[in-house]
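Student: Could you take me on a close look at one part of this model, and show me how that part sits among its surroundings? I would like one connected account.

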Amino acid sequence: MATQPELTIQGWGPPSPAAAPRDGDLGGTLPRAARRYLSGELGWTPRATPPVAVDEIDLAPSRLAEDVRARLVELLGADNVRTDRESRLRRAGGKSYLDLLRRRGGNASDAPDAVVLPGTTEETAALLATCSEQGVVVIPFGGGTSVVGGLAGVDPDDRPSIAVDLSRMSSVQSLDVPSSLVTVGPGMRGPALEQELGRAGLTLGHLPQSWEFATLGGYAATRSAGQNSTGVGRFDELVTGLTLATPSGVLELGHPPATAAGPDLLGLALGSEGTLGIITELTLRVRPVPATSAYEGWSFRSWATGLAALQQLSRHDLLPDVVRLSDSDETRANLLMASGAGARALRAGLRVRGHGDGCLLVLGWEGLPSMVQARTKAAASVLRDGGAIRLGRTVAESWKKNRFAGPYLRDRLMDGGLLVETLETAATWSALPTVYDAVRRALRGSLTRDGRRPLLMSHLSHAYPTGGSLYVTVLADRDDDLPLQQWLTAKRAATDALLAAGGTLTHHHAVGADHRPWMEREVGPLGVEVLRAVKERLDPRGICNPGVLLPD
Ligand SMILES: Cc1cc2nc3c(=O)[nH]c(=O)nc-3n(C[C@H](O)[C@H](O)[C@H](O)COP(=O)(O)OP(=O)(O)OC[C@H]3O[C@@H](n4cnc5c(N)ncnc54)[C@H](O)[C@@H]3O)c2cc1C
């Protein structure tokens with residue numbers, strides 16, 4: 001079992017003195033160039049809004065009945081049934097802006113009544129059967145990085161709840177090198193798995209921004225996508241089999257390499273967000289560590305020409321492994337907020353070439369040198385035909401180096417009185433421009449007030465032959481009186497707009513509690529009934545994460 005650091009309670013990163021409540025000294029935490037740019041852009045006055053001290057967070061007493069606790073101790077051992085304050089606070093909700101606002105403001109009303117840590121599939125199955133019998137809600141807890149309220153759903157019957165922490169099931173169980181298959185526990189995280197696979201010259205290659213803390217079971221339960229997923233595939237494409245423990249028994253799903261035995265039941269477990277049971281084991285497709293990689297930056301005069309060029313790449317089967325096209329707002333913000341002579345020279349160079357308001361494209365190729373060379377060359381000619389100029393490696397390598405830094409910066413921005421959140425969708429190539437315009441219009445309409453306006457930075461990542469995903473980062477001056485309502489209103493407007501324009505409810509963040517009001521619009525009333533019928537069979541007393549995925 002790998003030892004993995006816990007996430008800090010009120011933000012991102014491992015607990016450390018640096019992550020302790022700060023005094024809001026923005027001068028020391030946010031680069032001056034960034035502060036100046038954001039103040040001008042947003043009409044924001046930087047101000048210190050530090051989180052309350054962790055020991056001031058309000059936590060209600062545990063509601064778990066003593067006899068139930070004793071049954072759980074009998075099943076799992078005393079060390080693995082915890083009701084102490086720290087254990088419960090660490091498993092309260094996930095890491096969305098709304099989660100962080102609550103925790104920073106001293107609210108832990110979504111904390112579980114207890115935390116339990118099963119060590120095997122058998123223990124998990126027995127735990128689920130006991131909880132079903134006793135009417136205790138069960139919320140599987142992987143890395144706790146959900147950004148859609150996946151861990152913060154409300155039980156309509158207000159029963160006691162336990163977080164089932166999967167960190168004791170975090171080792172590699174077997175590695176089948178000839179078949180490129182690895183079988184792992186659900187609580188394992190990416191870095192630990194990559195380290196073990198690396199010894200055999202293999203990699204999984206799933207790299208979401210939450211990679212340092214999210215777990216493999218969480219990826220499967222939410223159908224995650226990583227930064228390389230255009231090349232290696234979404235996480236659900238990497239799962240070839242899994243074990244799902246449910247209150248009604250254990251399901252073994254998936255048969256690599258392939259089967260035609262009826263509909264694919266594995267697909268029911270992928271994206272089930274803990275509503276059907278707990279994933280206790282996964283078999284994943286791995287690949288050789290790439291012999292070489294090449295990352296490079298390109299610039300387009302406009303978002304539209306960038307999208308058109310990506311569409312061409314996809315048509316000719318030339319999509320690289322990493323694709324990330326930033327719109328002009330994201331490109332400008334990144335260039336202006338980066339300090340240093342290199343960034344200044346790049347900005348000046350782009351202005352001279354008529355790309356002063358252009359869109360940055362980062363591409364990455366990985367694999368055998370001859371293949372990388374051939375693919376890079378063929379893609380370059382398509383990009384040049386589409387009006388792109390090549391910027392070289394530095395800008396792309398810099399993106400790669402900093403690609404896990406965003407969540408740490410978010411904490412600093414929140415300290416300074418900002419609303420910082422992201423949202424994502426996917427659309428076909430033909431619908432993408434409309435979806436992009438609609439989301440921006442809705443967010444601008446909702447977040448502009450009293451001379452203050454939001455900064456909306458978008459990029460397309462995860463390109464497919466048929467379309468791509470759109471990811472929007474939203475910054476705005478926070479409404480200190482009604483911060484939750486400010487974002488909830490904007491999010492509602494943006495979701496209505498993107499669905500009306502043809503976008504999907506989510507591309508990789510999943511449904512959770514936050515998106516469930518729109519779930520019926522995505523799958524239809526009959527679709528919801530089918531999902532409910534499956535849940536009813538596997539979880540007849542509705543104890544498995546009842547506040548997420550399925551609408552009321
Ligand atoms: C800063 C940041 C960046 C992010 N970047 C990305 C990104 O690039 N790509 C991406 O896809 N997502 C991203 N996310 C979202 C999040 O990391 C993913 O949804 C991830 O898959 C969640 O994994 P986890 O282990 O943290 O799961 P948790 O947050 O613990 O749980 C998520 C949901 O899955 C359920 N669950 C967890 N484990 C199991 C299990 N073993 N069995 C059954 N159900 C389970 C939980 O009950 C919950 O409903 C990001 C989040 C943050 C905070």
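Tutor: Happy to. Let us start with the spacing of two domains: the C-alpha centres of domain 2 and domain 3 lie 31 Å apart. The contact between them takes five residues from domain 2 and six residues from domain 3. Please keep in mind that this is a predicted model. In the domain assignment of the protein chain, domain 1 covers 43-165, domain 2 covers 172-288 and domain 3 covers 292-401.

The part I would like to dwell on is strand S8, residues 239-246. Strand S8 belongs to an open sheet of five strands, with the order S5-S6-S10-S8-S9 and antiparallel pairing. The edges of this sheet are strand S5 (172-176) and strand S9 (249-253), each of which pairs on one side only. On average, and with direction ignored, neighbouring strands here are turned by 10° against each other.

Now look at the two partners of S8. On one side is strand S10 (residues 278-285), which pairs with S8 in the antiparallel sense over six bridges. Two positions help you find the register: Leu242 stands opposite Leu282 in S10, and Ala245 stands opposite Ile278 in S10. On the other side, five bridges join S8 to S9, and these two strands also run antiparallel. The connection between S8 and S9 is a hairpin through two residues. Leu242 is a handy marker here as well, since it stands opposite Leu253 in S9.

How enclosed is S8? Seven of its eight residues are buried, so the strand is largely enclosed by the rest of the structure. Part of the surroundings is helix H6 (residues 121-134), which lies across S8, S9 and S10 and runs at about 40° to S8.

The nonpolar core picks up the story from there. The largest one has 67 residues, and those with the most contacts inside it are Val116, Val138, Ile162, Val164, Ala220 and Val239. This core draws at least three residues from each of domain 1 and domain 2. Ala220 is a good residue to centre your view on: leaving aside neighbours within four places in sequence, Ala220 is in contact with Phe235, Val239, Leu242, Leu270, Ile279 and Leu282. Leu242 and Leu282, both in that list, are the pair that stand opposite each other across S8 and S10. Apart from this core lies another, of 64 residues, among them Trp303, Leu350, Leu383 and Val395.

From Ala220 you can step to the ligand by way of helix H8 (216-222). H8 gives the most to the shell around the ligand, with five residues. The elements that give two or more residues to this shell are S3, H8 and S10, and S10 is the strand you have just seen paired with S8. Of the 37 residues around the ligand, Gly142, Gly143, Pro208, Gly217 and Gly218 come nearest.

Following S3 brings in a second sheet. This one is open too, with four strands in the order S1-S2-S4-S3 and mixed pairing. Its edge strands are S1 (81-82) and S3 (137-141), each pairing on one side only. At the S1 end, two bridges join S1 to strand S2 (residues 114-116), and the two run antiparallel. Val81 stands opposite Val116 in S2, and Val116 is one of the residues with the most contacts inside the largest core.

The loop between S3 and strand S4 (161-165) holds Asp155. With 15 C-beta neighbours inside 10 Å, Asp155 counts as partly exposed. Not counting residues up to four places away in sequence, Asp155 touches Val137, Ser161, Pro546 and Gly547. Asp155 and Ile543 are 388 residues apart in sequence, but 8.7 Å apart in space from C-alpha to C-alpha.

To finish, let us return to domain 3, where we began. Nine bridges join strand S12 (residues 292-300) to strand S14 (residues 359-367), and the two run antiparallel. Thr292 stands opposite Gly367 in S14. S12 is also joined by three bridges to strand S15 (residues 389-392), again running antiparallel. In S15, the bridge partner of Ser299 is Ile389.

Conventions: Residues numbered from 1 in each chain as written. Predicted model: local features only at pLDDT ≥ 70, side-chain atom pairs only at ≥ 80, totals over all residues. Pairing = 2+ DSSP bridges. Axes fitted to C-alpha atoms, helices over the stretch in contact; angles between N-to-C directions. Contact = placed C-beta atoms within 7 Å. Core = buried A, V, L, I, M, F, W, Y, C linked by C-beta atoms within 7 Å. Buried ≥ 20, exposed ≤ 12 C-beta atoms within 10 Å, placed from the backbone. Domains from an automatic or database assignment. Near = placed C-beta within 6 Å.
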